[in-house]
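The exercises below ask the reader to work from the coordinates towards a reasoned description, one step at a time. Each task is followed by its solution.

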Amino acid sequence: MTAFLWGAATSSHQIEGNNIHNDWWDWESQGNIEGGEGSGLTCDHWNRFAEDLDLARDLGLNSYRFSVEWSRIEPECGRWNKEALDWYENLIGECEKRNLIPMLTLHHFTTPLWFAREGGFTTEKSANWFAGYVKRVVERVGKRVPLWCTLNEPNTLVVGQYIASYMPPATYSPRSVSKASRNLLRAHVQAYDIIHSKIQKREGPFRDHPIAVGIAHNMIDFHPLRTLHPIDRMVTSLFRRFYNRSWPDAVTGNEQHFGVLGIIPMAAQVPQARGRKTVDFLGVNYYTRVFVACRPFNHGDSPDLFPTASSSPVGIVFSKKGDRLSDLGWAIHPTGLGDMCHFLKGYGVPLYITENGIADHDDDLRPDYLFSHLTQVAQAITEGIDLRGYFHWSLLDNFEWVKGFGPRFGLCAVDYKTQKRSIRRSGQLYREIIAAHGYSAPSVSTLETLCNQESL
Ligand code: FCB
C-alpha cells in the first residue's frame, strides 16, 4: 500500500531566478507586472535548492512537486543545455536523499522565448517541439521519477494568454484559444506516450513506485450570481463545461470540446487522444469559488464585476459580502474542493490535489484554510474517492506571475532582501498534521482534534 503523499508544490520560473530565456522574462521586462517588478532572482532557488529541500524535509513532507524549465534545457531551438539537465538530475537526487518522492511538471506556464516567437502553442509544430524537450528530460531523469504532470493548468494558460490578457502574449484571440488547446492536447498525448514507452528500467529509492502521468488541472467552483436567473445559470454551465470539464473529458478519451458556442470556435479534434485514457491520474489545482453574471445587470457594485473587458456581456464576481477573502480577494470556500473531487470521481482515475493554498501575508488565514481544505480531502476519501495526495501551494513565497512579489503563498516565508527563509506558523501546523497521520491519508477526526487544540 503506497503512502498518502503529503507534499508542497512550486514552479521553476516562480522560484529559481534568472530564467532569462523564457517568454515571461521578456514580458516582465516590458513592464507588465504589478509595480513594474520582474522575477529577477526571486527566491534564488537555483543556488539555494538544498536549503529549500531541507525545509520540505523539516516540514515532514514525503513528496515535492516542482517543474522543469524548458527554456533552460533548450534556450535556442535544438541547442540542449547539459548543465541545466545536470542541475535537475541533481535536484532529484537531493529529493531522494530527503525521502521526497518527486512529482515533475514538464510545463508550468513558461516557454522558451524562441518557441513563443514562433507562436507558442498556436502553431502546428509546437507539439513536436515540446515532445523533443520531453524526450531529453525523460532520457536523463525518467528512471528516477515516479510522478509526472505533463502540463500545468492548460485551461488557465490559454485563457490568460488569449482572453483575459494577463499572460504573454496577451492578445485577445478566441481562435488562438482553440488552436492552443488542441496543440496542448497533442503535446500532452505525446508526452504521455514518451514517458510510458521510454522508461524501462527504474532506478533509485522510488523505483517500485508505479509511474503515473497526469495533468495539473485548475478548477474553479463557478456559481450563478443570481441563483435563479436563467441566463446567469446558463452561462455558469458554459463556464463549468469549458473551464472545468473540457480537459478531464479530453484526457480520459471522452469528447473534445475546446470551444464555447458563439464565443470560442470549437477546436479540431486530436485523433490520438480519442477513445483512450492519456492520464493515469488527474491533478486538481483548487483555490476558490466565483460567481458568473450577465448583463443587463444592475447591482450596486457592478463596475467591478466585468474586470477584463468593460464591454463584455459576461463577468466574474470574486466574492459576495460576508466572504472571507485572501490577500488577492479570492473567497475561501473549502467545500468547493470536495465538490470538485466528487465531480472528477466519474472519470475513474485516481486524483491528487496538486495545488491548494492562499495568499496570506500575515498567515492568519492559512492555518484554518489548511485545516478546512484538508478536511474536505479527508471526507472525500471516506466517501470512496481515490485521492492519493495533497500538495500545498506553495513551499515558499514566490513570484506570483502578473501580481509580482506581493502575494505570499508560502508555508515558508522568504525575505527577498536577505533570502532568509522561515517556516510560518501554518508550516508548523502542516508538520504537526502530517506527523499525526504518519503518512496515512488525512482523517476528519484527527484533523478535528488538532484543530481544537490549536483553537483557531
Ligand atoms: C496557480 C498556478 C501557480 C500559482 C497559483 C497561485 O494557478 O499554477 O503557479 O501561481 O495559481
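The expected span of a helix is taken as 1.5 Å times one less than its number of residues. The model is a predicted one.

**Exercise 1. Determine how far helix 10 reaches and where helix 10 is kinked.**

Step one is the length: helix 10 covers residues 230–251, which gives 22 residues. Its span from the first C-alpha to the last is 31 Å, close to the 32 Å expected.

Step two is the local geometry: helix 10 has a kink of about 55° at Arg245, and the proline Pro248 follows shortly after that kink.

Step three concerns the environment, for which buried means under 20% relative accessible area. Among the buried residues of helix 10 are Asp232, Val235, Thr236, Phe242 and Tyr243, and also Trp247 and Pro248.

Step four looks just past the end of helix 10, where Gly253 takes a positive phi of about 80°.

**Exercise 2. Take the salt bridges Glu16 with Arg72, Arg48 with Asp44 and Arg289 with Asp323, and work out where the partners lie or how accessible they are.**

As background, side chains of opposite charge can pair when their charged atoms come close. The criterion applied here is a side-chain nitrogen of Lys or Arg within 4 Å of a carboxyl oxygen of Asp or Glu, and a search of the whole structure with it finds 28 salt bridges.

Step one treats Glu16 and Arg72, whose closest N and O atoms are 2.8 Å apart. Glu16 lies in the loop between helix 1 (12–15) and helix 2 (23–29), whereas Arg72 belongs to helix 4 (residues 70–73), so this salt bridge ties together parts that are 56 residues apart in sequence. Both Glu16 and Arg72 are buried.

Step two treats Arg48 and Asp44, whose side chains meet with an N to O distance of 3.0 Å. Arg48 is partly exposed at a relative accessible area of 26%, while Asp44 is buried at 8%.

Step three treats Arg289 and Asp323, with 2.9 Å between the closest N and O atoms. The pair links distant parts of the chain, since Arg289 sits in strand 6 (residues 281–294) and Asp323 in the loop between strand 7 (314–317) and helix 11 (335–345), 34 residues apart. Arg289 is buried, with a relative accessible area of 10%, and Asp323 counts as partly exposed at 22%.

Step four goes beyond single pairs: Asp54, Arg57, Asp58, Glu94, Lys97 and Arg98 are linked in a network of salt bridges.

**Exercise 3. Describe the surroundings of the ligand, then examine the backbone of Phe109 and Glu153, two of the residues found there.**

Step one lists the neighbours, a residue being included if one of its heavy atoms lies within 4 Å. The ligand is surrounded by Gln14, His108, Phe109, Asn152, Glu153, Tyr287, Glu355, Trp393, Glu400, Trp401 and Phe409.

Step two turns to polar atoms. An oxygen atom of the ligand lies 2.8 Å from a polar side-chain atom of Gln14, and for His108 the distance from a side-chain N or O atom to a ligand oxygen is 2.8 Å. For Glu153 the corresponding distance is 2.6 Å. The protein covers 95% of the 290 Å² of accessible area that the ligand has on its own.

Step three examines the backbone of Phe109, whose phi is near 75°, a positive value in a residue other than glycine. Phe109 is placed in the loop between strand 3 (101–107) and helix 6 (113–117), and is buried at a relative accessible area of 5%.

Step four does likewise for Glu153, which has a positive phi near 45° although it is not a glycine. Glu153 lies in the loop between strand 4 (147–152) and helix 8, and at 5% relative accessibility it counts as buried.

**Exercise 4. Which peptide bonds, one ending at Pro169 and one ending at Ser394, are cis or trans, and where do these residues lie?**

Step one takes the bond from Pro168 to Pro169, which is cis with omega near 10°; Pro169 is found in the loop between helix 8 (154–162) and helix 9 (174–198).

Step two takes the bond from Trp393 to Ser394, which is also cis, with omega near 15°. Ser394 is in the loop between strand 9 (387–393) and strand 10 (412–415), and Trp393 is one of the residues surrounding the ligand.

Note on methods: Residues are numbered from 1 along each chain as its sequence is written. This is a predicted model: local features need pLDDT of at least 70, side-chain atom pairs count only at pLDDT 80 or more; totals for chains, interfaces and linings use all residues. Side-chain values use heavy atoms; hydrogens and water are left out. Helices (H or I, at least four residues) and strands (E, at least two) are DSSP runs, numbered from the N terminus. The bend at a residue is the angle between axes fitted to the seven residues ending there and the seven starting there. Buried means under 20% relative accessible area, exposed over 50%, partly exposed in between (1.4 Å probe, protein chains only). A polar contact is a pair of N or O atoms within 3.5 Å; within protein, one must be able to donate a hydrogen and the other to accept it, and residues adjacent in sequence count only if both atoms are side-chain atoms. Accessible areas come from the Shrake-Rupley method with a 1.4 Å probe; for residues, only the protein chains shown count as cover.
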